[in-house]
Amino acid sequence: MRIMISLERLVRKNIWELAPYSSARDEYSGKEAHVFLDANENPYNDPYNRYPDPLQRELKAQLAKIKGVRADMIFLGNGSDEAIDLPYRIFCEPGKDNVVAIEPTYGMYKVCADINNVEYRPVLLDEQYQVHADQLLAATDANTKIIWICSPNNPTGNALHREEIEKVLTQFEGIVIIDEAYSDFSSQKTFRSELAKYPNLIVLNTFSKAWGLASIRLGMAFASPEIIQIYNKVKYPYNVNLLTQRQAMEALKDPFEVDKWVKMLLVERTRLMAAFQDLPICEKVYPTDANFFLAKMTDAKSIYDYLVDKGIIVRNRTRIQLCNNCLRITIGMKGENNELLAALRQY
């Protein structure tokens with residue numbers, strides 16, 4: 001088993017030596033205060049006149065209980081996109097370092113690589129949309145800082161073989177990021193519970209899917225306290241606003257409601273996938289562990305355009321590698337799913 005090289009060697013030198021911005025709310029942390037004359041805020045229009053907690057301490061304390069991860073192992077960001085972008089800024093020297101990722105997968109990994117001028121090396125999944133660790137590792141070199149893995153994967157929907165991911169975690173000396181945005185819909189054990197075993201692991205999660213809070217833009221990263229400290233050093237001071245923190249706190253009061261939504265969506269997922277298999281215009285429905293599925297159609301573009309004319313929007317993934325003539329269908333409410341099926345039966 002290979003051991004992760006030191007965090008100091010992985011982090012960009014300028015980031016390691018960075019003196020982070022010290023916000024007014026950081027400097028008196030741990031003490032009670034009731035008169036705030038430190039941050040040039042307007043004293044009127046409480047509570048929106050005050051800057052929010054820059055480290056979202058109350059929210060993280062509640063989230064830690066639900067996710068089974070210590071609060072100091074949680075980063076909260078402006079959507080998962082912030083948690084995706086920050087590793088490039090932390091670990092990758094622009095124009096020098098590279099990252100490796102599965103293909104097809106979530107497009108923001110490559111977008112953030114391009115924005116940060118970091119080489120992006122995609123490695124194709126096999127015909128069953130599964131990953132082979134040896135191929136991922138073979139694509140790395142001395143300048144590979146990150147390997148990206150999304151499981152359950154987007155747009156394919158399936159969970160990747162755990163033993164292959166574990167092989168990457170134990171044999172790659174750099175950072176492995178596993179995006180588990182759709183893990184609430186899967187029966188697979190999450191890697192979030194194995195952070196102590198893998199010091200080079202970062203696990204992403206989101207409030208946008210199972211929690212039904214896409215509009216508040218709140219993403220999560222789970223990692224060792226040392227990695228989370230670097231995340232917090234590089235992020236913008238008040239990256240999660242008060243309204244978002246409050247709405248997330250409200251949602252965390254009733255996690256059983258989320259469980260109920262997930263169960264209903266899984267029932268609808270089974271029903272909708274079975275109905276698709278009976279459609280003459282559907283050639284194949286791929287297995288899924290997410291709140292969506294991928295379906296190979298006879299003519300994805302034509303069917304997509306037809307549905308748009310009907311006011312029904314799905315995702316046309318036909319231009320994505322290994323997804324020719326495929327539509328990605330998100331599981332909606334029963335009535336929405338019925339409307340989709342009715343339209344397709346009339347195509």
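The legends below describe close-up views of a predicted model.

**View 1. An open sheet of 7 strands with mixed pairing.**
The strand order across this sheet is β1-β7-β6-β5-β4-β2-β3. At the edges stand β1 (74-78) and β3 (119-124); each has a single partner strand, so one side of each is left without a neighbour in the sheet. Direction ignored, neighbouring strands are turned by 25° against each other on average. Strands of a sheet pair through backbone hydrogen bonds, in either the parallel or the antiparallel sense.

**View 2. The pairing of β2 with the edge strand β3.**
Strand β2 covers residues 98-103 and pairs with β3 in the parallel sense. The pairing extends over 6 bridges. Within this pair, Val100 stands opposite Arg121 in β3.

**View 3. Helix α9 lying across part of the 7-stranded sheet.**
Helix α9 is made up of residues 225-234. The strands it lies across are β1, β5 (175-179), β6 (201-206) and β7 (218-222). Relative to β1, helix α9 runs at about 30°.

**View 4. The crossing of helices α5 and α9.**
Two packed helices are described by the angle between their axes and the distance between the axes. Helix α5 (residues 79-91) and α9 have axes that come within 10 Å and cross at roughly 95°. An angle from 65 to 115 degrees counts as roughly perpendicular, so α5 is roughly perpendicular to α9. On the α5 side the contact involves Ala83, Leu86, Pro87, Arg89 and Ile90, and on the α9 side Ile230, Tyr231 and Val234. By class, the contact has 7 nonpolar, no polar and 1 charged residues.

**View 5. Burial along helix α5.**
How many of the 13 residues of α5 are buried? The helix is mostly covered, with 11 of its 13 residues buried. The buried residues include Ala83, Leu86, Pro87 and Ile90, which also meet α9. Glu82 and Asp85 are among the buried residues as well, as are Gly79, Ser80, Ile84, Tyr88 and Phe91.

**View 6. The surroundings of Asn205 in strand β6.**
Is Asn205 buried or exposed? Its relative accessibility is 1%, and the limit for buried is under 20%, so Asn205 counts as buried. A polar atom of the Asn205 side chain lies 2.8 Å from the backbone oxygen of Glu180. Not counting residues up to four places away in sequence, Asn205 touches Lys67, Ser80, Glu180, Ala181, Ser183, Asp184, Arg192, Gly219, Met220 and Phe222. One of these, Ser80, is a buried residue of α5.

**View 7. Asp184 in the loop between β5 and β6.**
Asp184 has a relative accessible area of 29% and is partly exposed. Its contacts, leaving aside neighbours within four places in sequence, are Lys67, Asn205, Ala210 and Val262. Lys67 is also touched by Asn205. Asp184 and Val262 are 78 residues apart in sequence, while their C-alpha atoms are 7.4 Å apart in space. Val262 falls in helix α11, which covers residues 255-277.

**View 8. An open sheet of 4 strands with antiparallel pairing.**
The strand order here is β8-β9-β11-β10. The edge strands, β8 (282-285) and β10 (315-316), each pair on one side only. Strand β9 (residues 292-297) is joined to β8 by 3 bridges, and the two run antiparallel. Cys282 stands opposite Met297 in β9. β8 and β9 form a hairpin, with 6 residues between them.

**View 9. Helices α11 and α12 against the 4-stranded sheet.**
Helix α11 packs on the sheet and touches β8, β9 and β11 (326-330). The direction of α11 makes about 5° with that of β9. Helix α12 (residues 300-309) lies across β9, β10 and β11. The angle at which α12 runs to β11 is about 40°.

**View 10. The packing of helix α11 with helix α13.**
Helix α11 and helix α13 (residues 334-345) pack at an angle of about 5°, and their axes are 11 Å apart. Angles under 35 degrees count as roughly parallel, so α11 is roughly parallel to α13. Glu268, Arg271, Leu272, Ala275 and Phe276 in α11 meet Lys334, Asn337, Asn338, Leu340, Leu341, Leu344 and Arg345 in α13. The residues of this contact divide into 6 nonpolar, 2 polar and 4 charged.

Definitions and conventions:
Residues numbered from 1 in each chain as written. Predicted model: local features only at pLDDT ≥ 70, side-chain atom pairs only at ≥ 80, totals over all residues. Heavy atoms only, no water. Pairing = 2+ DSSP bridges. Axes fitted to C-alpha atoms, helices over the stretch in contact; angles between N-to-C directions. Contact = heavy atoms within 4.5 Å. Buried < 20%, exposed > 50% of the residue type's maximum accessible area, 1.4 Å probe, protein only. Polar contact = N/O pair within 3.5 Å; in protein donor to acceptor, adjacent residues only side chain to side chain. Parallel < 35°, antiparallel > 145°, perpendicular 65-115°, else oblique. Nonpolar A, V, L, I, M, F, W, Y, C, P; charged D, E, K, R; others polar.
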